[in-house]
Amino acid sequence: MRPGWTEAVARTAGPRYRAIVGAVEIALRTGALRPGDRLPPQRDLAAWLALNIGTVGRAYAEMQATGLARGEVGRGTFLNPMQEPDGPSSLRGQSPRQTFIDLSHNFPAHAMRHPALELIRPEFEGACDIGTLLASQVDIGLPAHRLIAARWLGRFGIAAEPDAVLITCGGQHGLLLALMALTRPGDAVLAEELAFYGLKSAAGMLGRALVGVRMDREGIVPDYLDVVCRRTGAKVLVCTPTLHNPTTATMSDDRRRQVADVCARHDVLIVEDDVYGFLGDPPLRPLAALAPDRVVHISSLSKLAGPGLRIGFLRVPRPLIDAFGIAMRASTLMASPFTADWATRLLASPRIDRIVAAMRAETQARQALVAALLPAQAVMAHPNAYYVCLKLRNGWSAEAYTQAAEARGVGVTPLSLFEVSSTHPSDAVRICVNAAPDRETLRGALETLTTLLDSGGPPTVRFRAAV
């Protein structure tokens, strides 16, 4: 008997072998097929779909090549558990096409050079105490580095003694340490309903279940947070109050107080991902300044100086220091003292204010291009954000638009990569404006995306692309 899931093949646009693969993906997501199920013999499926057996064979080969299925000699083809993409494909290291404008993440291969590179360079070329740095092994960082980091955090209203600050290998490492130190396998962890895919990957690898909390234009909605706290009993919330990735939502001071109050009522610790906090003009008060005993604050140099500087800072409430030290030793043992030395020299430099101002000015200029070229009613943006969120229309799904944009030489990211659950699927994409090498290249890419948006999407069945 012909399986019901095969009906989707005829309704899926594109090459027939890809339509078969897409139909299998849909069936796996909806439960019509399950990992371990055997696919029909190729001849049977070809007959049901009125296709050449070679086309079906190509589909089965594609599924085996991507790990969606496996062939067992003498038994047939069986489905594997689906592997969700953990970020835009260009993060995985393939060589980009020279003509491709990759706006799918902040720092692709051809991203812009830092607008204040000449201000940064002297700090990297200065002398350092090589002997001490080579001989040092301190898990949470050298005292001199933690002192400079504490002073930097103080600029944003965060009172932090050096012994409450840890040096990390960037913001992603900070998220990993927080999950390791504050939760156990099987625990529920609260997050925005759209969350950074790096957090999703870390939680999945550690066996923590993310639970999404409804958002609006200011981020997490306190009333929904209250309900989810009561229903789940979760004791950790991970959130991005400033320039949320991917929506750019930014909490007002009042919203921050409300979120902190809800967490206090339910005894929930907050992990504040504040890697974009320095872009505020003026900076907004972090949650760690409002509730220092309840907030673990994550910051990083990657968004300020570049992703090659893998150094971040954790401000941790004192009772949790030992737990974070254990997590540090279990992950990387410590961050590189050499890199930390360069990073903290940069933060202590008299040039740092000019460096921050240069990044803000360049970002604002690129956001002005967005405002001029993309339809205002379809864009969630912020003048100081590295990205925008484009709401699609004219029949476009996020996955179909992403594929069509790639075919036209522009990379974007479907919001499905950020969805904590599929309860409220998003027909939107993220566009990283600072990823283009220069403003004219960005202008051309935005014009291409606008033309594509206006052209209307194909009549396809929704399924998530392996982007």
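## Overall make-up

The protein contains 18 helices and 17 strands, and the reader should keep in mind that the model shown here is a predicted one. Along the principal axes of the protein, the C-alpha trace spans about 70 × 50 × 50 Å.

A compact globule with 467 residues would have a radius of gyration near 23 Å, and because the protein has 24 Å, its value agrees with that expectation. Among the contacts in the protein with a separation of 6 or more, 71% are accounted for by residues that lie 24 or more positions apart.

## Inside and surface

Of the 467 residues of the protein, 54% count as buried, where buried means that a residue has under 20% relative accessible area. The protein exposes about 20200 Å², and carbon and sulfur atoms supply 53% of this area.

Charged side chains can be described for the protein as a whole: there are 50 positive and 44 negative ones, and the centres of these two sets lie 4 Å apart.

## A sheet of four strands

Strands of a sheet pair through backbone hydrogen bonds, and this pairing can be either parallel or antiparallel. In this protein, one open sheet of four strands follows the order β13-β14-β17-β16, and its pairing is antiparallel. The edge strands of this sheet are β13 and β16, the latter covering residues 413-414, and each of them pairs on one side only.

## Strand β14 and its partners

Strand β14 covers residues 387-391, and because four of its five residues are buried, this strand is largely enclosed by the rest of the structure. In the order of the sheet, β14 stands between β13 and β17, and the pairing with each of these two partners can be followed in turn.

On one side, strand β13, which covers residues 379-380, pairs with β14 in the antiparallel sense over two bridges. These two strands form a hairpin, with six residues between them, and within the pairing M380 stands opposite C389 in β14.

The other partner is strand β17, made up of residues 428-432, which runs antiparallel to β14 and is joined to it by five bridges. A reader who wishes to find this pairing in the structure can look for L390, which stands opposite V429 in β17.

Terms used
Residues numbered from 1 in each chain as written. Predicted model: local features only at pLDDT ≥ 70, side-chain atom pairs only at ≥ 80, totals over all residues. Heavy atoms only, no water. Rg over C-alpha atoms; globule rule 2.2 N^0.38 Å. Buried < 20%, exposed > 50% of the residue type's maximum accessible area, 1.4 Å probe, protein only. Contact = heavy atoms within 4.5 Å. Areas by Shrake-Rupley, 256 points an atom, 1.4 Å probe, with all protein chains shown as cover. Lys, Arg positive; Asp, Glu negative; His and termini not counted. Charge placed at Lys NZ, Arg CZ, Asp CG, Glu CD. Pairing = 2+ DSSP bridges.
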